[in-house]
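Subject: Structure handover

Hi,

Here is the structure I said I would pass on. Please load it before you read further.

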Amino acid sequence: MASPIARPPQPRGLWARLDQLARSSAPVAVAVILLLATALPMGFAAHQGGLPLTALASVFFWTLYRPGLMPPWVVFGLGVLADLLTAAPLGVSALILLLLHGGVLTQRRALAKQSFLIVWIGFALFAATLLALNWGMRTLLSLTIQPIAPGLFECGMTIAAYPPLAWLFVRLERSLEPV
Amino acid sequence: MIRLSVPVRQALARLVLPALIAASFGLMLIGKADTVLVERARTQLADVVVPLYAVLGRPIGTVRDAIAEIRRLILLRSENARLREENERLRRWYDRALALEAENRALRRVLNAPADPTPIFTTARVVADVGGAYARSALVALEPNHAVRKGQVAVDASGLVGRVSEVGNRSARLLLLTDINSRIPVQVERTGTRAILAGTNAPRPRIQHWTGPEQPQPGDRIVTSSEAGAMPAGLPVGIVREGRTGLEVEPFADLDRLDFVRLHDFGLSGILSPDQVTRPAQRPRRNGG
């Protein structure tokens, strides 16, 4: 290794390595499970677009508090997965999530120290901006004006779903070793 | 592993994000240019996740059934009164239907008209609602070696649901009739006026482009029309309602709670793939059809 100071000490045994791998991949695994779970037919209003975009909350939280566990290529992968799953124009969610990732990285130092309320407001601002962009991209790519109301509803649901998701992520984060 | 100095590695790390953002734009271009490739990727992912959904959906289905059961128990009295009233009305219709059926049979005999063949169908379970805010679609689980083809018609217990837009080995994607890309040829049952049912992503699709002087009226029943060979005629679709922006159709099918759907093979080949609705120009891919 070129610079031993830049990396955490490598675990030695196989089990230690597996454990390390499981811990470092937990945030991504949870993000994927949440993404898949939102498509389960719950039997209510699912078709009115009334489902929160959990991937936004996942990427926001982990980029803010543990950016090492949410590298850009994982964010990209999440976006592509979301696009393929929902039959959306390919690349739109990937772009939105990457922009969120990049945006949060620039504000990280200021935002990570704030109270939950401020962080939530920060998330709401990011989500509203990016979902507006999402609407614009979809309108551009399909060359038809997409209806605005479901997009607004989706944005509201996404912002409203952040506190419970953050609670879940905080639980998960505490169970991980300090990196 | 290639040994790199710290500044070089940091510089590379800084480049990853812009490179991936560029890659997203690249994907958008690919998605626009090569729809076949993207569709294959989508169906392959669907094939992987559909068995997963089928397993995950079971406990959720149980919970849903329990909730529905409790609600039914609470509403038992009012439900009973409603059913009694409906039963009375249906009994009158039943007599009427029997009379009409007999008359129909007699007329067919006179005309020597063949009865409509019973279509072949596959019953499939809807395992995921994968729409989001900008699309209305659903994934259904299928057995391997199924006979479902793109363009087949999906119907639930009460009416038309949509069409099959993508088919994989173990899964198929339905484009619901409420999707913004859905266009279905329909006719007003009372007058026979042809029209197009256009999805708007809202719960009620819009009815537009009707022919003839007679406008569809609120309360009219809408059924499919065989125009363009895309649909068999006469499948129940919904009821015309007065909407805020124009005439809308309230679908008979319970699109919010899709459980089982029948995928019918009516042997019609005149169907356009949903992609073609927005992109009329298509490269010749099949030899001779």
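Below is what I found in it, chain by chain and then element by element.

Please keep in mind that this is a predicted model.

**The two chains**

Chain A is helical: it has 7 helices and 0 strands. Along the sequence its pattern reads α-α-α-α-α-α-α. Chain A has 179 residues, and 39% of them count as buried. Take its contacts with a separation of 6 or more: 68% are between residues 24 or more positions apart.

Chain B mixes the two kinds of element, with 4 helices and 12 strands. Its length is 289 residues, of which buried residues make up 33%. For chain B, residues 24 or more positions apart account for 56% of the contacts with a separation of 6 or more.

**Where the chains touch**

The contact draws 44 residues from chain A and 50 residues from chain B. On the chain A side, the elements that give two or more residues are α3, α4, α5 and α6 (149-160). Of these, α3(A) gives the most, with 7 residues. By class, that side of chain A has 29 nonpolar, 13 polar and 2 charged residues.

**Helix α1 of chain B**

Start with residues 6-33 of chain B. They form helix α1, which has 28 residues. From first C-alpha to last it reaches 40 Å, close to the 40 Å expected at 1.5 Å a residue. There is still a bend of about 25° at Val16(B). A proline, Pro18(B), follows within four residues.

Which residues of α1(B) are buried? They are Leu20(B), Ser24(B), Leu27(B), Met28(B) and Gly31(B). Their cover includes elements of both chains. Chain A supplies α3 (72-86), α4 (92-111) and α5 (116-142), and chain B supplies α2 (35-74).

**Helix α3 of chain B**

Residues 76-111 of chain B make up helix α3, with 36 residues. It reaches 49 Å from first C-alpha to last, close to the 52 Å expected at 1.5 Å a residue. How many of the residues of α3(B) are buried? The number is 0, so α3(B) lies largely in the open. Asn112(B) follows this helix, and its phi is positive, near 60°.

**The largest nonpolar core**

This core has 99 residues. Those that touch the most other members are Val59(A), Phe60(A), Leu100(A), Val140(B) and Val161(B). The largest share of the core, 9 residues, comes from α4(A). As background, nonpolar side chains tend to be buried together in soluble globular proteins.

Val161(B) deserves a look in the viewer. Leaving out residues up to four places away in sequence, Val161(B) touches Ala154(B), Val155(B), Asp156(B), Leu174(B), Leu176(B), Leu177(B), Ala253(B), Leu255(B), Leu258(B) and Val261(B).

**Strand pairing around β12 of chain B**

Strand β12 of chain B covers residues 260-265. It pairs with β1(B), residues 120-129, in the antiparallel sense over 6 bridges. β12(B) also pairs with β3(B), residues 153-155, again antiparallel, over 3 bridges. Which residue of β12(B) stands opposite Thr122(B)? It is Leu263(B). Ala154(B) stands opposite Leu263(B) too.

**Two loop residues with positive phi**

Asn145(B) has phi near 60°, a positive value in a residue other than glycine. It lies in the loop between β2 (137-141) and β3 of chain B. Is Asn145(B) buried or exposed? It is exposed, because just 7 other C-beta atoms lie within 10 Å, and the cut-off for exposed is 12 or fewer.

His209(B) is the other one to check. Its phi is near 55°, again positive in a residue other than glycine. His209(B) sits in the loop between β8 (206-208) and β9 (221-224) of chain B. It has 11 C-beta neighbours inside 10 Å, so His209(B) counts as exposed.

**One pair in chain A**

Val28(A) belongs to helix α1 of chain A, residues 14-37. With 18 C-beta neighbours inside 10 Å, Val28(A) counts as partly exposed. Val28(A) and Ala55(A) are 27 residues apart in sequence. In space their C-alpha atoms are 9.9 Å apart.

Best wishes

Conventions
Residues numbered from 1 in each chain as written. Chains lettered and ligands numbered in written order. Predicted model: local features only at pLDDT ≥ 70, side-chain atom pairs only at ≥ 80, totals over all residues. Expected span 1.5 Å × (residues − 1). Bend = angle between axes of the 7 residues up to and from the residue. Buried ≥ 20, exposed ≤ 12 C-beta atoms within 10 Å, placed from the backbone. Contact = placed C-beta atoms within 7 Å. Core = buried A, V, L, I, M, F, W, Y, C linked by C-beta atoms within 7 Å. Nonpolar A, V, L, I, M, F, W, Y, C, P; charged D, E, K, R; others polar. Pairing = 2+ DSSP bridges.
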